[in-house]
Amino acid sequence: MAKLPPMDGIWRGTGWMNEGQGRRQMTVTYRVGPFLDNTVKVIEIKGYLADGSVGFHAFNVISFDSEEKKEYIINARAGGRSGAFSFKLAPGGFIWNIGDADSGLRYTATFKGGTWTEKGETLAPGRPATTVSEFTLQRIGDTDWPEAGAVPPR
């Protein structure tokens, strides 16, 4: 997990997504922390609409399969959907795909100077990628989540 970009902490920013209801502007928060002796990275994402309601909520876990596949995997859950997907390190960030490298969804994140930018694109063979989401977040602080608040033995 040490090879992952500096993700831990609390992040906030703005962006938009298009999930069938049209393009929706959001204030987005990410809460990221290590878990299970830093063998997994836990990520909670919330997208708040202008009226303060939650327009998007996701929960992701990144892990490294050191035994069999020797690769990173992201388990992603949002909107009643879930799955385990390919997750690859890239210069200054990462890329993960729902589907394969040329069909489905691709999410590309980069980190630079306390800024996290992320773009989601739909992919289809023979067609250019179409952007379906973009977020720019600033790191606003530390967090002891998800380890904090564990139930003590007594």
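Which residues are linked in a network of salt bridges? In this predicted model, the network is made up of Arg106, Lys119 and Glu121. Five salt bridges are present in the structure as a whole.

Within the network, Arg106 pairs with Glu121. Their closest N and O atoms lie 2.8 Å apart. Arg106 belongs to strand S8 (residues 103–112) and Glu121 to strand S9 (residues 115–124), so this salt bridge ties together parts that are 15 residues apart in sequence. Glu121 also forms a salt bridge with Lys119. Here the closest N and O atoms are 3.8 Å apart. That distance still counts, because the cut-off for a salt bridge is 4 Å. Burial varies across the three residues. Glu121 is buried, with a relative accessible area of 8%. Arg106 is partly exposed, at 23%. Lys119 is also partly exposed, with 30% relative accessibility.

A further salt bridge joins Lys41 and Asp8. The closest N and O atoms of this pair are 2.9 Å apart. The two residues come from distant parts of the chain, 33 residues apart. Lys41 sits in strand S3 (residues 40–48), whereas Asp8 lies in the segment before strand S1 (9–18). Lys41 has a relative accessible area of 6% and is therefore buried, since buried means under 20%. Asp8, at 29%, is partly exposed.

Strand S3 also holds Glu44. This residue is buried, with a relative accessible area of 15%. Two side-chain polar contacts involve Glu44. One, of 2.6 Å, reaches the side chain of Arg31. The other, of 2.8 Å, reaches the side chain of His57. Both partners recur among the residues in contact with Glu44 once neighbours within four places in sequence are set aside. That list also includes Thr29, Tyr30, Ala58 and Trp145.

Aromatic side chains were examined next. The count comes to 11 aromatic pairs. In one of them, the ring centres of Trp11 and Trp116 are 5.1 Å apart and the ring planes meet at 85°, so the arrangement is edge-to-face. The pair connects distant parts of the chain: Trp11 is in strand S1 and Trp116 in strand S9, 105 residues apart. Both rings belong to buried residues. The relative accessible area is 2% for Trp11 and 1% for Trp116.

Another pair consists of Phe85 and Trp96, whose ring centres are 6.0 Å apart with planes at 35°, so this pair is tilted. Phe85 lies in strand S6 (residues 81–90) and Trp96 in strand S7 (residues 93–100), so the pair ties together parts 11 residues apart in sequence. Phe85 and Trp96 are both buried.

Ring pairs also build a cluster. Its members are Trp11, Tyr30, Phe64, Tyr72, Phe87, Phe94, Phe111 and Trp116. The edge-to-face partners Trp11 and Trp116 thus appear in the cluster. Tyr30, also a member, is one of the residues in contact with Glu44.

A charged side chain also meets an aromatic ring. Arg23 lies over the face of Trp16, at 3.8 Å from the ring centre.

Note on methods: Residues are numbered from 1 along each chain as its sequence is written. This is a predicted model: local features need pLDDT of at least 70, side-chain atom pairs count only at pLDDT 80 or more; totals for chains, interfaces and linings use all residues. Side-chain values use heavy atoms; hydrogens and water are left out. A salt bridge is a side-chain nitrogen of Lys or Arg within 4 Å of a carboxyl oxygen of Asp or Glu. Helices (H or I, at least four residues) and strands (E, at least two) are DSSP runs, numbered from the N terminus. Buried means under 20% relative accessible area, exposed over 50%, partly exposed in between (1.4 Å probe, protein chains only). A polar contact is a pair of N or O atoms within 3.5 Å; within protein, one must be able to donate a hydrogen and the other to accept it, and residues adjacent in sequence count only if both atoms are side-chain atoms. Contact means heavy atoms within 4.5 Å. Rings of Phe, Tyr and Trp (its six-membered ring) pair if their centres lie within 6.5 Å; planes under 30 degrees apart count as stacked, over 60 as edge-to-face and the rest as tilted. A charge sits over a ring if NZ of Lys or CZ of Arg is within 6 Å of the ring centre and within 35 degrees of the ring normal.
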